[in-house]
Amino acid sequence: MKKALSILATALISVSALAQKNIPLVYQVENTGADYMAPIFPPFDQLPEIKELPDPFKFSFGKGEVKKFKDWERRRAEIAHEIQYYEIGEKPAVTKEQVKAHMSGDTLFVDVTVGDSTITLSSVITYPQTGEAPYALMIGTSNNSLPGELMYRRPLALMRYNERQVNGYSQFRGNTDRTTYPFVHLYPHLIDNGAYSEWAWGLSRIIDGLQQLGPEVTKIDTEHIGVTGCSYAGKMALFCGAFDERVALTIAQEPGGGGAAAWRVSHTMEEVENLDKTDYHWFKESLKEQFHDDNVYRLPYDHHELCAMICPRALLVLGNPDYKWLADESARQSMEAASKVWEKFGIADRVAIDIVAGHGHCQLPKSQYPIVEKFIDKFLLGK
């Protein structure tokens, strides 16, 4: 029996021309809040216990709250610092001089140099058979799990991001010795990082390369880049979209615990992926060491704020309650809390979660085609 639950899908409503005009759909820089200093993080024993999801509008540690959209840049930067500090490790910034890109046929190559070390990232671009360049681009993290029939009939270029060129670990195969990871060759002092900071870093370097070469060379419109993935790659898509403001649309398909799901809510559920039961190649080991069990309530943030980092850009989360491990009820509550950020700024049409049962993991059912198509058409193709 198929059960459909569409939360916030009704947010696909027209918004005022004023809000659309004043609030960007995307940015042309990776981090608009790069100049904001990290907050001073108190010792663990001084962190207050917060049972409810923290208020996304309140600045950390009693410093006021977001009143207007111009305040969100600072608050978003603060959340980014917290997630890196407590959960995934630093996503290091790079300079333009450290990145050199070129195309060979339809393959983009990006060399990233830090000190005396260089790694090369490469991704093939599949161009559409319809429309005219420059094309919008959908990047699949690890793979593009959305059905090809949704993509191929649109003027939309596709790319597969090979995350193992950055961090050799995957949950299915690959080397788990962190000292051998390409990212660690560049940043040996960040060996304790979780994979999601490193994978987000790598996707940002791909976007650097696209920007550096420009649409005349790549045939890609860098103002219309989307990122998507499913399961552990759904988490990857979410972190990549949250930590790079050049991503116009993030579609996180069945990302499970550690993705859109809130750690606090998942802690109250049974048989789901939560902070105590996830893969700690993905996160800093210290996250579990400090915030295990009821200590989760001492986290000064939660994943509704990871989702909210994508605001004012577009976010669609897709769920599948047939797989209890994915903690979709936690994701629902998290997204309801996150959506208040978009709502505050009058852009609620840019966020949705759609949870539908009756299909295999990472197998998008026909009933979810319409909402996916609406988000792609509106936020990548400008319809």
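**Exercise 1. Is G194 buried or exposed, and what is its relative accessible area?**

Solution. First, the ground rules. This is a predicted model, where local features need pLDDT of at least 70, side-chain atom pairs count only at pLDDT 80 or more, and totals for chains, interfaces and linings use all residues. Residues are numbered from 1 along each chain as its sequence is written, and side-chain values use heavy atoms, with hydrogens and water left out.

Step 1. Fix the cut-offs. Buried means under 20% relative accessible area, exposed over 50%, and partly exposed in between (1.4 Å probe, protein chains only).

Step 2. Apply them. G194 has a relative accessible area of 0%, so G194 is buried.

Step 3. Place the residue. G194 sits in the loop between α4 (182-186) and α5 (195-213). Helices (H or I, at least four residues) and strands (E, at least two) are DSSP runs, numbered from the N terminus.

Step 4. List the surroundings. Contact means heavy atoms within 4.5 Å. Setting aside neighbours within four places in sequence, G194 contacts I88, H281, W282, F283 and K284. The C-alpha atoms of G194 and L287 are 9.9 Å apart, with their positions 93 residues apart along the chain.

**Exercise 2. Find the disulfide and explain why C240 is in none.**

Solution. Step 1. Use the criterion: a disulfide is a pair of cysteine sulfur atoms within 2.5 Å.

Step 2. Count. The structure holds one disulfide. C230 and C362 form it, with an S to S distance of 2.1 Å.

Step 3. Give its handedness. The angle about the S-S bond is -95°, and the link of C230 and C362 is left-handed.

Step 4. Locate the ends. C230 lies in strand β7 (residues 220-230), and C362 lies in the loop between β10 (351-356) and α12 (369-379). The two are 132 residues apart, so the pair links distant parts of the chain. Both C230 and C362 are buried.

Step 5. Test C240. Its closest cysteine sulfur belongs to C307, 14 Å away, which is too far for a bond. C240 is buried, at 1% relative accessible area.

Step 6. Test C307. C307 is in no disulfide either; the nearest cysteine sulfur is that of C311, at 12 Å. C307 counts as buried at 0% relative accessibility.

**Exercise 3. Map the strand pairing around β5 and β4.**

Solution. Step 1. Set the rule: two strands pair if DSSP finds at least two bridges between them.

Step 2. Start with β5 (135-141). β5 and β7 run parallel over five bridges. G140 stands opposite T228 in β7. β5 and β6 are also parallel, over six bridges. There, I139 has M159 as its bridge partner in β6.

Step 3. Check burial. Seven of the seven residues of β5 are buried, so β5 is largely enclosed by the rest of the structure.

Step 4. Move to β4. Strand β4 (residues 117-126) and strand β6 (residues 156-161) are antiparallel over two bridges. I125 is bridged to M159 in β6.

Step 5. Finish with the hairpin. β3 (residues 107-114) and β4 are antiparallel over eight bridges. F109 is bridged to S122 in β4. Two residues lie between the strands, and G115 takes a positive phi near 65°.

**Exercise 4. Trace the charged pairs.**

Solution. Step 1. Define the pair. A salt bridge is a side-chain nitrogen of Lys or Arg within 4 Å of a carboxyl oxygen of Asp or Glu.

Step 2. Count. A search of the whole structure finds 20 salt bridges.

Step 3. Take R205 and E30. Their closest N and O atoms are 2.7 Å apart. R205 is in helix α5 and E30 in the loop between α1 (17-22) and α2 (69-88), so the pair ties together parts 175 residues apart in sequence. R205 is buried at 0% relative accessible area. E30 counts as buried at 18%.

Step 4. Take D244 and R246. Their side chains meet in a salt bridge of 2.8 Å, N to O. D244 is buried at 0%, and R246 at 2%.

Step 5. Join the pairs. Salt bridges that share partners connect E30, K91, R205, D208, D244 and R246 into one network.

Step 6. Add R154 and E373. Their closest N and O atoms are 3.5 Å apart. R154 is in the loop between α3 and β6, E373 in helix α12, 219 residues apart. Both R154 and E373 are buried.
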